[in-house]
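Hi,

Here's the structure I said I'd pass along. Have a look at it first, and then read on for my notes.

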Amino acid sequence: MDEKANSLVKLVVSELVTNAVRHSASGGRCGRVKVTVEMLPGRVVLVSVTDDGARALRPITVPTLANHMDDAEECGRGLRLVAALAEKWWWTGCRGGPLTVWALIDPDRDLDT
Ligand SMILES: Nc1ncnc2c1ncn2[C@@H]1O[C@H](COP(=O)(O)OP(=O)(O)OP(=O)(O)O)[C@@H](O)[C@H]1O
Ligand SMILES: [Mg+2]
């Protein structure tokens, strides 16, 4: 993987792992986060981050892109960044259970377009 691909993957993984820790039971005692990074044909990279599911006694949430980007907002930037860097992102799993967030990254795409 070249330097650009490496940096993009690191940024995306960093946001998604941070989310797993902040918004799921992965951030609790004995919490785990599973990360996979796979280079697909055509040099696109598929990243997955799996969390431990909903935290006890906390509202259940799922990965949701914030609607408005207010510069003063302190939350909702992570998935916006992922959406901007990735060709596509999505999540799988059942609400409340472990969720996997996927991102497909094309290092050859010009990010200005
Ligand atoms: N792994 C996850 N499990 C459950 N909910 C999630 C998960 N990841 C994200 N979310 C939900 O999606 C929302 C948006 O995530 P996003 O990363 O954009 O913002 P944030 O984590 O709240 O703040 P920021 O990333 O700007 O510090 C979160 O506030 C949370 O409700
Ligand atoms: Mg976040």
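Below is what turned up, going from the ligand to the core and then to the hairpin.

One thing to keep in mind throughout: this is a predicted model.

**Around the ligand**

The shell around ligand 1 has 18 residues, and N19, T61, R77, G78 and L79 come nearest. Sorted by class, that shell splits into 7 nonpolar, 7 polar and 4 charged residues. Two helices, α1 (3-23) and α2 (78-85), each supply at least two residues to the shell. The largest share comes from α1, with 4 residues.

**The core**

Helix α1 turns up again here. The largest nonpolar core has 17 residues, and the members that touch the most others are V9, V12, L16, V47, V82, A103 and I105. Two or more residues each come from α1, β2 (45-50), α2 and β4 (99-105). Of these, α1 gives the most, with 6 residues.

V12 is a good one to click on. This valine lies in α1. Is V12 buried or exposed? It counts as buried, because it has 24 C-beta neighbours inside 10 Å, and the cut-off for that label is 20 or more. Which residues does V12 contact, if you leave aside its neighbours within four places in sequence? The list is V47, V82, L85, A86, A103 and I105. There is also a pairing with S48 to look at: V12 and S48 sit 36 residues apart in sequence, yet their C-alpha atoms are 9.8 Å apart in space.

V9 is worth a look as well. Again leaving out neighbours within four places in sequence, V9 is in contact with V37, V45, V47 and I105. V47 and I105 therefore show up in the contact lists of both V9 and V12, if contact is taken as C-beta atoms within 7 Å.

**The hairpin**

Now for the strands β3 and β4. They run antiparallel and are joined by 6 bridges. One pair you can check is K88, whose bridge partner in β4 is L104. The hairpin has 5 residues between the two strands, and G96 takes a positive phi near 95° there.

How many of the 6 residues in β3 (residues 88-93) are buried? The count is 0, so this strand is hardly covered, given that a buried residue needs 20 or more other C-beta atoms within 10 Å. Its partner β4, on the other hand, is among the elements that give two or more residues to the core.

That's the tour. Shout if anything looks odd on your side.

Cheers

Technical notes:
Residues are numbered from 1 along each chain as its sequence is written. Chains are lettered from A and ligands numbered from 1 in the order in which they are written. This is a predicted model: local features need pLDDT of at least 70, side-chain atom pairs count only at pLDDT 80 or more; totals for chains, interfaces and linings use all residues. A residue is near a molecule or strand if its C-beta atom, placed from the backbone, lies within 6 Å of it. Ala, Val, Leu, Ile, Met, Phe, Trp, Tyr, Cys and Pro count as nonpolar, Asp, Glu, Lys and Arg as charged, and the others, Gly among them, as polar. A residue is buried if 20 or more other C-beta atoms lie within 10 Å of its own, exposed if 12 or fewer, and partly exposed in between; C-beta atoms are placed from the backbone. Two residues are in contact if their C-beta atoms, placed from the backbone, lie within 7 Å. A nonpolar core is a set of buried Ala, Val, Leu, Ile, Met, Phe, Trp, Tyr and Cys residues joined through C-beta atoms within 7 Å. Two strands pair if DSSP finds at least two bridges between them.
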